Amino acid sequence: MNIKVKIRRFNPEKDRKPYWAEYSLDAQPWDRVLDVLVNIKENQDGSLTFRRSCAHGICGSDAMVIDGRNRLACKALVKDLGKRIVVEPLRGLPVIKDLTVDMEPFWRQYRSIQPFLMNDDPPPYTERLQSPEARARFDETTKCILCAACTTSCPSFWADASYVGPAAIIQAHRFIFDDRDHGAQVRLAILAEGNGVWRCRTVYNCTEACPREIEVTRAIREVTRAIVTGEIR
Ligand code: FES
């Protein structure tokens with residue numbers, strides 16, 4: 001079938017401001033938006049710029065705004081979107097070119113919560129064992145692929161990029177509730193600061209945007225409760 005794709009484009013080397021470009025092409029209902037973008041790049045305009053790597057919903061590199069909602073281009077099917085598709089770069093991060101945004105502000109927030117296992121106990125001969133129940137406590141937040149779909153759908157982040165954002169809180173949750181980790185109080189103190197969890201207004205955009213179906217807002221509430229009560233187990 002023939003589809004029309006409208007793409008928000010911007011090349012800072014030659015454009016004074018962003019503009020809309022429209023492309024017409026044939027696509028199959030089961031094509032993904034990523035296939036459509038590759039088709040346009042290969043057959044109509046080689047200068048179209050976007051990120052992608054795995055093409056299977058794992059690496060998180062092709063998050064973008066598709067028909068007004070944050071999604072992974074490699075998971076959004078043409079048959080679910082119709083014959084007119086609108087594609088824009090993620091909001092709240094500077095555009096480098098076309099659909100490619102500067103992720104550095106996002107990575108800065110991610111690094112701020114110290115996303116690594118803290119445990120000074122001497123390593124055991126084998127793994128640091130954990131019960132299935134203890135693992136289940138934070139299993140959901142291990143699914144995060146750091147695509148930034150949640151953080152860049154958040155009005156609090158749009159208003160002030162110093163807000164640590166949903167993705168960083170999700171990553172903190174993954175360690176705070178891991179009983180092998182000893183850094184929970186460090187992370188809770190970081191997230192209790194002015195740019196931490198208090199900026200969440202419970203809008204639920206993040207939960208709707210997550211391509212991994214993580215209940216992001218609920219995880220943020222759990223971290224907030226841990227800050228207030230001091231209880232993590
Ligand atoms: S290209 Fe890796 S998640 Fe889409």
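Helices here are DSSP runs of H or I with at least four residues, numbered from the N terminus. By that count, Arg-187 lies in helix α6. The model is predicted. We will come back to Arg-187 after a walk through the rest of the chain.

Start with the whole. The protein chain has eight helices and seven strands. Its C-alpha atoms fill a box of roughly 60 × 35 × 30 Å, taken along the principal axes. Of the 233 residues, 47% are buried. The accessible surface comes to about 11900 Å². Carbon and sulfur atoms hold 51% of that surface. Contacts reach along the sequence as well: among those between residues at least 6 apart, 63% join residues at least 24 apart.

Now the sheet. Five strands form an open sheet in the order β2-β1-β5-β3-β4, and the pairing is mixed. The edge strands are β2 and β4 (69-72), each of which pairs on one side only. Neighbouring strands of this sheet are turned by 35° against each other on average, direction ignored.

Take strand β1, residues 2-9. On one side is β2 (residues 19-26), joined to β1 by eight bridges. These two strands run antiparallel. Asn-2 stands opposite Asp-26 in β2. Strand β5 (residues 84-88) also pairs with β1, through four bridges. Here the strands run parallel. Ile-7 stands opposite Val-87 in β5.

Strand β1 also has two faces. Ile-3, Val-5, Ile-7 and Arg-9 form the covered face. Asn-2, Lys-4, Lys-6 and Arg-8 form the uncovered one.

Move across to β3, residues 63-66. Two bridges join β3 to β5, and the two strands run antiparallel. Val-65 has Glu-88 as its bridge partner. Ile-66 has Val-87. Val-87 thus appears twice in this tour: it is the bridge partner of Ile-66, and Ile-7 of β1 stands opposite it.

Next comes the interior. In soluble globular proteins, nonpolar side chains tend to be buried together. In this model, the largest nonpolar core has 68 residues. Ile-7, Leu-37, Ile-66, Val-87, Ile-176 and Leu-191 touch the most other members. Helix α5 (residues 165-176) gives the most to this core, with six residues.

Ile-7 shows what such a position looks like. Leaving out residues up to four places away in sequence, Ile-7 touches Tyr-19, Trp-20, Ala-21, Tyr-23, Leu-37, Ile-40, Leu-48, Val-87 and Leu-99. Two of these contacts, Leu-37 and Val-87, are themselves among the residues that touch the most other core members.

Turn to helix α5. How many of its twelve residues are buried? Twelve of the twelve are, so α5 is largely enclosed by the rest of the structure. The buried set includes polar and charged names as well as nonpolar ones: Gln-171, His-173 and Arg-174 are among them. So are Gly-165, Pro-166 and Phe-175. The buried residues pack against α2 (104-112), α6 (184-191), α7 (205-209) and α8 (216-229). The length of α5 fits as well. At 1.5 Å a residue, its twelve residues should span 16 Å, and its end C-alpha atoms are 16 Å apart, which agrees.

Helix α8 is one of those neighbours. Its 14 residues should span 20 Å at 1.5 Å a residue. The end C-alpha atoms are 20 Å apart, so the two values agree. Val-216, Thr-217, Ala-219, Ile-220, Glu-222, Val-223, Thr-224 and Ala-226 are buried in α8. What covers them includes α5, α6 and α7. Just after α8, Gly-230 takes a positive phi of about 75°.

That brings us back to Arg-187 in α6. Is Arg-187 buried or exposed? Buried means under 20% relative accessible area. Arg-187 has 0%, so it is buried. Leaving out residues up to four places away in sequence, its contacts are Ile-113, Gln-114, Phe-116, Met-118, Ala-172, Phe-175, Ile-176 and Asp-181. Ala-172, Phe-175 and Ile-176 are buried residues of α5. Ile-176 is also one of the residues that touch the most other members of the largest nonpolar core.

Note on methods
Residues numbered from 1 in each chain as written. Predicted model: local features only at pLDDT ≥ 70, side-chain atom pairs only at ≥ 80, totals over all residues. Heavy atoms only, no water. Core = buried A, V, L, I, M, F, W, Y, C linked by side-chain atoms within 4.5 Å. Buried < 20%, exposed > 50% of the residue type's maximum accessible area, 1.4 Å probe, protein only. Contact = heavy atoms within 4.5 Å. Expected span 1.5 Å × (residues − 1). Pairing = 2+ DSSP bridges. Areas by Shrake-Rupley, 256 points an atom, 1.4 Å probe, with all protein chains shown as cover. Axes fitted to C-alpha atoms, helices over the stretch in contact; angles between N-to-C directions.
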